Amino acid sequence: MTSPTSSTELQHPLQTIVELNAPQMMHALVYKGSGVIEWIEVPKPLLEKPTDAIVRIIKTTICGTDLGIIKGKVPSVKAGTTLGHEGVGIIEEVGVAVKNVKKGDRVIISCITADGTCEYCKKQLYSHCEDGGWILGNLINGTQAQYVRIPHAANSLYAIPENADEEALVMLSDILPTGFEIGVLNGCVKPGDSIAIVGAGPIGIAALLTAQFYSPARIYMIDVDDNRLAMARKFGATNTINSATEDAVKKIMEQTKDGVDVCIEAVGLPATFDICQNIVRPGGHVANVGVHGHSVQLEIQKLWIQNITITMGLVNTNTTPMLLKSVASGKLDPARLITHHFELHEILKAYEVFGNASKEKVLKVILNADTL
Ligand SMILES: [Zn+2]
Ligand SMILES: [Zn+2]
């Protein structure tokens, strides 16, 4: 060997070490503070704990909650956080403690992280997990990126069957379990019930689809957008009311004996909660799903004597495995909620379209990372 060759051989490993130490980069949708989001390069996430997994995103979406974050309504989200809490991906790497999923598995990412061991997890109240809950795209970096780190991967990822419709399964990260658990199950929907759903957005439609597991006799859908009401009729609503042009309370009280058995609130405004408390019949249920930013006026002086139950809450995602079976068997087709598709790198455009839901006739968007 001549000396020049030796020096080349010496240089090469050194260069490799330098390259290994430099963080690998990826693109992510980063919240920069009130009103500002950017699609920028950030370091690719790494395993931090043995219970973590790194997932390469295949498909993700935007939630109404993300729009709330951008408007500064969720103060827990700090500038610099990657948004997003929904998606389907492929596991790139798992920590040594993760035994039930492995590299290469396709998984649904739950919007709720659960350690599976704390007092709340033991009660299936995963939303209040002492080392989890809703943290993705909130307290830690989320899914609107090429890669995401998922803590407590064993309890927060769900392996998906082969040949499953991955787009449809993105709806299982958040909106389907939310509409089902907090709307339909909390509302105790039963066969033969009359139910009303206030708000025909993605969550209201998720409640509409899953309420039909129980064959209610009548489903009223109330919204201010005629296009969404038309979609609701296609998805199984028997009656629709545009509350911008009609008095929803008057109409429902005229058409029922004394109100509905179950009223699901899927908007989160004092006016929409008010509709619910005025159309629920004695012995009925008001299931609040909407995210409220202000207090509401509770008509307790009228309601106390009527044996009404009012429930509210954050999704636990404990029904995700059951919903996954319903989707896989074709009993439930959440792909019908998807109205728009974008490439992941077009996410700023997707936010603009999703933010103008009424004008753009959007329900759910899918961001596709396949071709990046
Ligand atoms: Zn969400
Ligand atoms: Zn827990």
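What follows is a walk through the fold of this chain, from its overall dimensions down to single strands and a helix.

The model is a predicted one, in which local features need pLDDT of at least 70 and side-chain atom pairs count only at pLDDT 80 or more, while totals for chains, interfaces and linings use all residues. Residues are numbered from 1 along each chain as its sequence is written, and chains are lettered from A and ligands numbered from 1 in the order in which they are written.

To start with the big picture, the chain carries 14 helices and 16 strands (helices are DSSP runs of H or I with at least four residues, strands are runs of E with at least two, and both are numbered from the N terminus). Its C-alpha atoms fit in a box of roughly 100 × 40 × 40 Å along the principal axes. The radius of gyration comes out at 23 Å, which agrees with the value near 21 Å for a compact globule of 372 residues (C-alpha atoms are used, and the globule rule is 2.2 Å times the number of residues to the power 0.38). Some 46% of the 372 residues count as buried, meaning that 20 or more other C-beta atoms lie within 10 Å of the residue's own, with 12 or fewer for exposed, partly exposed in between, and C-beta atoms placed from the backbone. Of the contacts with a separation of 6 or more, 69% link residues 24 or more positions apart (a contact has the two C-beta atoms, placed from the backbone, within 7 Å).

The chain splits into domain 1 (23–174 + 318–368) and domain 2 (177–312), with bounds from an automatic or database domain assignment. Their C-alpha centres sit 28 Å apart. Where they touch, domain 1 puts in 17 residues and domain 2 puts in 14. On the domain 1 side, α2 (64–70) and α12 (320–328) are the elements giving two or more residues, and α2 has the largest share, with 3 residues. That side is a mix of 6 nonpolar, 6 polar and 5 charged residues (Ala, Val, Leu, Ile, Met, Phe, Trp, Tyr, Cys and Pro are nonpolar, Asp, Glu, Lys and Arg charged, and the others, Gly among them, polar).

Now for the strands. One open, antiparallel sheet has 3 strands in the order β2-β1-β4, where pairing takes at least two DSSP bridges between two strands. At its edges stand β2 (36–43) and β4 (81–82), each with a single partner strand, so one side of each has no neighbour in the sheet. Strand β1 (residues 25–33) is tied to β2 by 8 bridges, and L29 has W39 of β2 as its bridge partner.

Strand β3 (residues 53–60) is mostly covered, with 6 of its 8 residues buried. It pairs antiparallel with β5 (residues 87–94) over 6 bridges, with V55 opposite I91. Strand β7 (residues 147–150) is another antiparallel partner of β3, over 4 bridges, and here A53 faces I150. Finally, β3 and β16 (residues 364–368) share 2 bridges, again antiparallel, and T60 stands opposite L367.

As for helix α7 (residues 202–211), 10 of its 10 residues are buried, so the rest of the structure largely encloses it. Among them are P202, G204 and T210. The buried residues of α7 pack against α6 (175–185), β9 (194–198), β10 (218–223), α8 (226–234), β12 (260–265) and β16.
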